[in-house]
Amino acid sequence: MKKHLFLHIICLFSIKIAFGQITGASFSGQILTEKKEGIIGTSVYLKHLPTATQYAIVTDENGYFNFPDVKTGGPYSFKVTSIGFETFEKNDIFLSLGTKTTENIVLKEQATILSEVIVKYNKNADKKGSGSNFAKSSIEKLPTLSNSIQDFTRLSSQANGNSFAGTNYRYNNLAIDGAANNDAFGFVEPAVGAGGSQASGTPGSLARAQPISLDAIQELQVSVAPFDVTL
């Protein structure tokens with residue numbers, strides 16, 4: 001008899017210690033439709049107004065939510081939002097230490113009219129790799145001293161003179177209407193040619209001539225590391 005009494009006292013003492021470790025409160029419930037069906041994916045917000053601490057959760061497949069350990073006291077503001085339903089708000093909620101507060105909410109359906117979304121696609125603006133495009137309007141407005149394409153390719157963020165992305169100009173490919181127009185025979189060597197003109201890797205650069213007149217250019221494109229097979 002004495003042993004049993006002693007064991008009971010120890011058990012009761014242990015239970016009291018366990019309750020003494022609880023430092024918060026819990027808040028749970030279920031979000032339902034007017035047909036008493038749980039609403040999945042509903043956003044539930046709980047805000048502790050004195051400290052501006054906010055808790056947020058999304059309901060499960062049956063519409064249940066649970067905040068297991070929140071600050072005690074209050075007041076709290078409670079907000080529920082879901083697409084297709086009216087927003088529910090409630091204030092002055094107080095939570096007690098070690099107490100589970102339950103709040104079941106029924107949301108009313110609401111017709112939502114979404115604004116029209118127009119997606120425009122310009123095939124000509126499709127980029128195949130990193131680069132820049134300069135239209136004829138830009139070419140006509142920008143000043144040029146040498147009447148060369150280098151006066152406009154320098155606008156590209158990857159350009160440094162006639163070098164692009166840090167590579168030597170010899171790796172450039174100058175294409176006019178898709179046809180390559182490069183200095184295939186190396187007439188631009190050495191780096192500084194006749195009359196002190198700087199080699200640029202384009203035909204006629206040592207003679208200070210341009211491969212094509214700017215008046216004939218409708219658009220200028222700088223493509224760095226293009227991955228299109230046509231290039």
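## A four-stranded sheet and its aromatic cluster

Strands β2 and β3 pair in the antiparallel sense over six bridges, where strands are DSSP runs of E with at least two residues, numbered from the N terminus, and two strands count as paired if DSSP finds at least two bridges between them. The model is predicted, and local features need pLDDT of at least 70, side-chain atom pairs count only at pLDDT 80 or more, while totals for chains, interfaces and linings use all residues. Residues are numbered from 1 along each chain as its sequence is written, and side-chain values use heavy atoms, with hydrogens and water left out.

**The sheet**

Strand β2, residues 43-48, is also joined to β5, residues 73-81, by six bridges, and these two strands run antiparallel. Strand β5 in turn pairs with β6, residues 88-95, in the antiparallel sense over five bridges. The table gives one pair of facing residues for each of these strand pairings.

| Strand pair | Facing residues |
|---|---|
| β2 and β3 | K47 and Q54 |
| β2 and β5 | V44 and V80 |
| β5 and β6 | K79 and E89 |

Together these strands make an open sheet of four strands in the order β3-β2-β5-β6, with antiparallel pairing. Its edge strands are β3, residues 53-58, and β6, each of which pairs on one side only. Neighbouring strands of this sheet are turned by 20° against each other on average, direction ignored, with axes taken as lines fitted to C-alpha atoms. Between β5 and β6, which form a hairpin, lie six residues, and G84 in the turn has a positive phi of about 90°.

**Aromatic rings and the core**

Six aromatic pairs are found in a search of the whole structure, a pair being rings of Phe, Tyr or Trp (its six-membered ring) with centres within 6.5 Å, called stacked if the planes are under 30 degrees apart, edge-to-face if over 60, and tilted otherwise. F27 and F65 form a tilted pair, with 5.9 Å from centre to centre and 45° between the planes. This pair links distant parts of the chain, since F27 lies in β1 and F65 in β4, 38 residues apart. Both F27 and F65 are buried, that is, under 20% relative accessible area with a 1.4 Å probe, protein chains only. Ring pairs also link F27, Y55, F65, F67, F78 and F88 into a cluster.

The largest nonpolar core has 18 residues, and those touching the most other members are F27, I31, L46, F67, V70, F78 and L95; such a core is a set of buried Ala, Val, Leu, Ile, Met, Phe, Trp, Tyr and Cys residues joined through side-chain atoms within 4.5 Å.

Definitions and conventions: Axes fitted to C-alpha atoms, helices over the stretch in contact; angles between N-to-C directions. Buried < 20%, exposed > 50% of the residue type's maximum accessible area, 1.4 Å probe, protein only.
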